[in-house]
Amino acid sequence: LFISLYPALILASGKPVNMLNKMLTTSARGATVRSFLMTGQFIICGCVLTSFFIVGGQFKYIQNFDLGFTKDNITSIEVPTDSISLTKLRYLKKSLSKEGFTQVSLTTQSGNLLTGESFSDVVKKNTAYGTTDLHVIPKEVDGDFIEVMRIPLVQGKSFKEFSWEQWSSLTLINEKFVRDAGWKNPIGQKIELPYGLGELTVIGVMKDFHVSSLHNPMEAVMLRASDYSEMSYAALTSAAPPQTLLLAAAPGSLHSIKKVWANVFPDHDLHYEFLDDSFNKQYEAEKRTILLFSYFSILALTITGIGLYTILSYQLSLRTKEIGIRKVMGANTITLLKLLSKHTLIFVIIGSGVGLMLSWNAANWWLQSFAYKIEITSLLLILPTLVILLFGSGVCLLKILQASRTNPIEALRAE
């Protein structure tokens, strides 16, 4: 804003006699101030535009990142945990199956896979030298969990290949668990549970999947299974009851889900959330950041364009006589354009270059908060620089063409 007001301040501070005679004076100090202001506005513009491209690139990277499971068309439903409702879980699954919802899974996790409560625990793995502690995220699910979430197995078998009575002594682990444990052959390995709760036998290895935001690195995960629809009421109440139902269903089938729910749980409201919405909620801050930078980018370009135009207007007014003489001597528009835009474009390049370096350092610092992030490639740096150069060149071209078309007689009349 100050850059845009600069010519007005100069004119307001001029002597009335000089103004009436159309005489504007300049000095080395004034030229330095104008150069500094012009460079400064392009430094700011370069910072904002480069940040916009980098933040936008990271946000797009997050949206397209492979989480290791499907988040599309998965509905997370809060299950009532009172004693009467727990006895209706088998009826709920059968009712959903009759409506065509065959992929249904129950889990004790509050919320859903992404935004629900996750905690780490310490288990022990057996080695030739005894046992070693491992930090792991345990999840209590049923036998349909990995099929519903489409988490592929890379080794071994799933829970459904065993009878549900055996599930309490079995576990599935992910690849990160195997790497942390240092196992070459994980199938059949024993895992000792904390608090003297016994041990589990590894029956399969899942492909790595994320159970938290991409701000965090991949974590070791261990699944324990129970068939909640087959368990007795006494077993359900003595163990941690299921709190969330995961259902493979498109948003358009919500009406059928509500119908089943009203029939099974008439006294409980349906509380649901789509898994892709839950995923997006984790990155609300990043979404607001990119929206903010988009507004700032438009504002920065607008103010920079106004500032450059007014600075050029003032500079060209100081060279009105020179332009008139050169035109009388036969200079064409191209010659005048090269002459008058050379210094301005140098300041545009310097300003955008400095702004690019500043924003590159700031963006690198911001990206450190992500365990999974984009690489700042040359393309992400070249694009905002090209935008600024094209924009600055366009403003220069517009103003200089306007000045070069002035009748030289009009330019020299005051002389």
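Here is a walk through the aromatic pairs and salt bridges of this structure, which is a predicted model.

Let's begin with the rings. A pair of aromatic rings is described by how far apart the centres are and by the angle between the planes. The count here comes to 10 aromatic pairs. Take Y61 and F65: their ring centres are 5.6 Å apart and their planes meet at 65°, so this pair is edge-to-face, since an angle over 60 degrees counts that way. Y61 is partly exposed, at 28% relative accessible area, while F65 is buried, at 16%. These two don't stand alone, as Y61, F65 and Y372 form one aromatic cluster.

Now look at F279 and Y283. They make an edge-to-face pair as well, with 5.2 Å from centre to centre and 65° between the planes. Are these two residues buried or exposed? F279 is buried, with a relative accessible area of 0%, and Y283 also counts as buried, at 1%. F279 has a charged partner too: the charged end of K71 sits over its ring, 4.8 Å from the centre.

That brings us to charges. Side chains of opposite charge can pair when their charged atoms come close. The count for this model is 8 salt bridges. One of them joins K207 to D66, with the closest N and O atoms 3.6 Å apart. This pair links distant parts of the chain, 141 residues apart: K207 is in the loop between β8 and β9, and D66 is in the loop between α3 and β1. K207 counts as partly exposed, at 33% relative accessibility, whereas D66 counts as exposed, at 51%.

Next comes the salt bridge between D144 and K93, whose closest N and O atoms are 3.2 Å apart. Here the partners are 51 residues apart, with D144 in the loop between β4 and α6 and K93 in helix α5. K93 counts as buried, at 17% relative accessibility, because the cut-off for buried is under 20%. Follow the charges a little further and you'll find a network of salt bridges that links K93, D142, D144 and K160.

One more to look for: the side chains of E140 and R224 meet in a salt bridge, 3.6 Å from N to O. E140 lies in strand β4 and R224 in strand β9, so this pair ties together parts that are 84 residues apart in sequence. Both ends count as partly exposed, E140 at 26% relative accessibility and R224 at 22%.

Definitions and conventions. Residues are numbered from 1 along each chain as its sequence is written. This is a predicted model: local features need pLDDT of at least 70, side-chain atom pairs count only at pLDDT 80 or more; totals for chains, interfaces and linings use all residues. Side-chain values use heavy atoms; hydrogens and water are left out. Rings of Phe, Tyr and Trp (its six-membered ring) pair if their centres lie within 6.5 Å; planes under 30 degrees apart count as stacked, over 60 as edge-to-face and the rest as tilted. Buried means under 20% relative accessible area, exposed over 50%, partly exposed in between (1.4 Å probe, protein chains only). A charge sits over a ring if NZ of Lys or CZ of Arg is within 6 Å of the ring centre and within 35 degrees of the ring normal. A salt bridge is a side-chain nitrogen of Lys or Arg within 4 Å of a carboxyl oxygen of Asp or Glu. Helices (H or I, at least four residues) and strands (E, at least two) are DSSP runs, numbered from the N terminus.
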